[in-house]
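Me: Here is a structure I want to go through term by term. I would like each label justified by its cut-off.

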2 protein chains.
Amino acid sequence: MPALDALRDRIAELSDLAALGRLAGWDQRTMMPPAGAPARAHHLATLERLFHDRATADEIGTWLDEAEADGDGLTDVDRDLVRLARRDWERTRRVPGDLAAELAAAAAEGEAVWQTARAANDFAAFAPALERNVALARDYAASFEDVAHPYDALLADYDFGLTRARVSEIFDPLAAELTALTAEAATRPDPPPLVVPLEAQRAAVDAILARLGVRDDSWRVDISAHPFTSWLSGTDTRITTRYLPDTHLESVIAAVHEYGHALYERQVPAELQRTNLGRGTSMSAHESQSKLWENHVGRHPAFASVIAAELGAAGFAIEPDAIHSAICAVKPSLIRVSADPLTYPLHIVLRFDLEVALIEGSLEVADLPAAWNDGMRRLLGVEVPDDAHGVLQDVHWSGGASGYFPSYALGCLIAAQLWERLEADAGPQDEALRTGETAAIRAWLAEHVHRYGRRLDTEPLVQAATGRGIDPQPFLRHVATYVRA
Amino acid sequence: MPALDALRDRIAELSDLAALGRLAGWDQRTMMPPAGAPARAHHLATLERLFHDRATADEIGTWLDEAEADGDGLTDVDRDLVRLARRDWERTRRVPGDLAAELAAAAAEGEAVWQTARAANDFAAFAPALERNVALARDYAASFEDVAHPYDALLADYDFGLTRARVSEIFDPLAAELTALTAEAATRPDPPPLVVPLEAQRAAVDAILARLGVRDDSWRVDISAHPFTSWLSGTDTRITTRYLPDTHLESVIAAVHEYGHALYERQVPAELQRTNLGRGTSMSAHESQSKLWENHVGRHPAFASVIAAELGAAGFAIEPDAIHSAICAVKPSLIRVSADPLTYPLHIVLRFDLEVALIEGSLEVADLPAAWNDGMRRLLGVEVPDDAHGVLQDVHWSGGASGYFPSYALGCLIAAQLWERLEADAGPQDEALRTGETAAIRAWLAEHVHRYGRRLDTEPLVQAATGRGIDPQPFLRHVATYVRA
């Protein structure tokens, strides 16, 4: 079928361009000398513009019409390929070119304004940029007439199929339970501080990743200011971590977290590579993979034996219990990115409620700091001393990424749900994790999550893997062990 | 002028795509895990195809017509920009799409066949691939009706404006003189072998590059199997070297050589960046820059003091004379890439004569090994033991890069010619080089070579910088010092 062949060729081209964009981004964050930044911005803008032109071209519509007309002749994979191509093409074309350009400009300018405002602890300096971003986000949402709530249009870019209503339905009871658990945790004494020499951390990260199957022939492990994962293909995977003299072994935990993202992309079947189905399906699904490895493997009491063994091999003797206490300590705090696993979703619930209110117009930007501080008091029981440690802490709103936050918490919930099902299917993993054996976990994830690529959206994927939709109960059972252990 | 603006935008886009291609190539040779290769081939092929489509598009012709019609209104730079855009656009469009695709396929397949044939020392296994490449090169040359000799069309891709006749005019007397000098050198005793610990080599490379102005804010220095230079912009420069326990300090010499390539790209004026003028003008001009730094700085007797000082600082005590003797030793040998500065051009003259004969049809592929071995005996006085150490040693013919070889020798000649003029203008550099001071050299090159970018072709550039065309005499004077010192 010539139309399908043409469509597949274009999709492969777009996949290659996206990979080049990831390469440029990875290089920028790990290898590029600082003075390379201005030219890199040009390279990325050119790539993005070409990608957009090729992704929204009229001829794709012709190919789609022809391929859909011959629907019965399509394989199951090709049917999904055509379905997603139709969705992606129509969604991208819905947004007028002028609006897309203004969104990009406002995001770039907003980030610059935010950096200055955060450094100066000056919300008023940031407010006009945020007002512009909110107005543009509403214009963007208005491009999609078929959504029940404007926020749904934003959410769809990160987690297609989820809605504001569905997220509220999940988050509201979650917040109530977590707030109670947080209050309970606040009464517990802090564990003794743990300071691990950086050299021992480095050796342990390398050894632990090697146990998980990380090999030089198809992986890279580098250092970056903010840990992240990139991939250039199913056999060219690049993760990063960072080394700090902190008390939570962030280097190890971040490496295991990024490994979860990486494994998802690696275990998408080869036949889906270079198609529009050949990657993780959504931000929530991706975060569920990183959180599964972070919370359910990395923070598992049995896995503390592995961490202790590897630190010991590097000359730093420590008991597994001391590691487990340190990396599972719960304490309400101000900053999302350093929050513990139990309180983390509450930071997200706050942001979700506020950004929904901004988008629907029930909250003014000027009233946002007070609403933030009220929320932190209500949900986490902490007092926000200033906006730099409050409403100004995250980059997302400055860069126009409204709708992104929910995936961080949904990922935690889905991870716990998948883990319960994995142990029900494959048996308890305690013994295996005590020796660092994870082959059964990898195989279960490949079979029940990774093999779909983008063929299933977030909640249908959770349904297929666990037999029910997104459910906060497994997560609540998991984090209760942090408080009541 | 809207046409000129449109042309400039397209040229900037092509410049960005070329930079992304260099990034992908740099990554492939320094960072990429081996299993990333198949996907990288897709990324690069997609990028190349898009580049070709955008570079040969019909609308460029319309913009060129309009810009040329308004020629009087153009600045000098814009006139050159339009002139080069016209040339590049017409040359690329001359080649039929089918032929371009077959050339690319034959190059990829030819390289694979060559690798196997070289490993097996089996020229007969390579001959059909070479015959195909020769036939395609002739078809390619036939796309350009306005050339006096088919080889001129191939040469123009690497050194626009040079011709087979002009190169012969330069090479024929050069070969005669060098053959005599080589025979003279063969009677001299070998210097004692020099083995420098790798750690001392590493420290010396870093320290010497730092003396030349290499800083982390806008440079990278990495290791690769074959040293090379890449650049992502004028302030993002990436060179590599390699570390071997050899007797010629290749790590230092290669680093200084690559620095010469890098400095050329860095000192092209900012106003030419992201235009079609903003890079080195030709392969010969580029090689002249690397060879100037390699032969006239790195191998300068005075600079041996700097190398000795830096090796000494790294704990390896050695006299400057011992370094100079080792890195300037002359000995006729079989392999081009490890040849000394004096005999190196003879390896090139041989390849040039043979590839001209193949292209014009006066030599059959089947007769090539015998012709090679005869040439090595005649030019260098060495006997070729087998084809792996003879006609099969280089990748170029397998990959369809006929016409490339001359630039290696022309670069040596131009380097010597520029160096003589530089010392005539700026004074002898002996004292400065003894302390590693090279600011005057960098400034002279910026003023007389680098500032033109592509605005002058190879021989006009040499003419502008030295007052005459390419002349082998300065090189012959230079290498005579290796034999008669």
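Reply: What follows takes salt bridges, burial, the sheet and the chain interface in turn.

Reply: This is a predicted model: local features need pLDDT of at least 70, side-chain atom pairs count only at pLDDT 80 or more, and totals for chains, interfaces and linings use all residues. Residues are numbered from 1 along each chain as its sequence is written, chains are lettered from A and ligands numbered from 1 in the order in which they are written, and side-chain values use heavy atoms, with hydrogens and water left out.

Me: Why is the contact of A:Arg83 and A:Asp80 called a salt bridge?
Reply: The term asks for a side-chain nitrogen of Lys or Arg within 4 Å of a carboxyl oxygen of Asp or Glu. Here the N to O distance is 3.0 Å, so the pair qualifies. Both residues lie in helix H4 (residues 76-94) of chain A, three residues apart, about one turn of the helix. Helices are DSSP runs of H or I with at least four residues, strands are runs of E with at least two, and both are numbered from the N terminus.

Me: What makes A:Asp80 buried?
Reply: Buried means under 20% relative accessible area, exposed means over 50%, and partly exposed lies in between (1.4 Å probe, protein chains only). A:Asp80 has 13%, so it is buried. A:Arg83 has 36%, so it is partly exposed.

Me: How do you know that B:Lys331 and B:Asp190 form a salt bridge?
Reply: Their closest N and O atoms are 3.4 Å apart, so the distance rule is met. The pair links distant parts of the chain, 141 residues apart. B:Lys331 sits in the loop between helix H13 (320-327) and helix H14 (344-360) of chain B. B:Asp190 sits in the loop between helix H8 (164-185) and helix H9 (198-211) of chain B. At 49% relative accessible area, B:Lys331 is partly exposed.

Me: Which residues are linked with A:Arg10 and A:Glu13 in a network of salt bridges?
Reply: The others are A:Arg54, A:Glu59 and B:Arg49. A:Glu13 and A:Arg10 meet at 4.0 Å, N to O. They are three residues apart in helix H1 (residues 2-30) of chain A, so about one helical turn separates them. Both are buried. Over all chains, the structure holds 80 salt bridges.

Me: What makes S1 and S3 of chain A a pair?
Reply: Two strands pair if DSSP finds at least two bridges between them. S1(A) and strand S3 (residues 236-241) of chain A have five, so they pair, in the parallel sense. One of the bridges puts A:Trp219 opposite A:Thr237 in S3(A).

Me: How are the strands of chain A ordered in the open sheet?
Reply: The order is S1-S3-S2, with mixed pairing. Strand S1 (219-223) and strand S2 (229-233) of chain A are the edges, as each pairs on one side only.

Me: How do you know that S2 and S3 of chain B pair?
Reply: Four bridges join S2(B) to strand S3 (residues 236-241) of chain B, so the rule of two is met. The two strands run antiparallel. A hairpin joins them through two residues. In S3(B), B:Thr237 is the bridge partner of B:Trp231.

Me: Why is strand S2 (residues 229-233) of chain B called largely enclosed?
Reply: Five of its five residues are buried, so the rest of the structure largely encloses the strand.

Me: What area do chain A and chain B bury between them?
Reply: They bury about 2,900 Å², 63% of it on carbon and sulfur atoms. Buried area is the accessible area (1.4 Å probe) that two parts lose on being put together, summed over both. In chain A, A:Leu20, A:Pro33 and A:His43 lose the most area to chain B, together 18% of what that side buries.

Me: How many residues are in contact across the two chains?
Reply: 35 residues of chain A are in contact with 35 residues of chain B. Contact means heavy atoms within 4.5 Å.

Me: What makes A:Arg49 and B:Glu13 a salt bridge?
Reply: Their closest N and O atoms are 3.2 Å apart, so the pair falls within the limit. The count between chain A and chain B is six salt bridges. B:Glu13 is found in helix H1 (residues 2-30) of chain B. Its relative accessible area is 3%, so B:Glu13 is buried.
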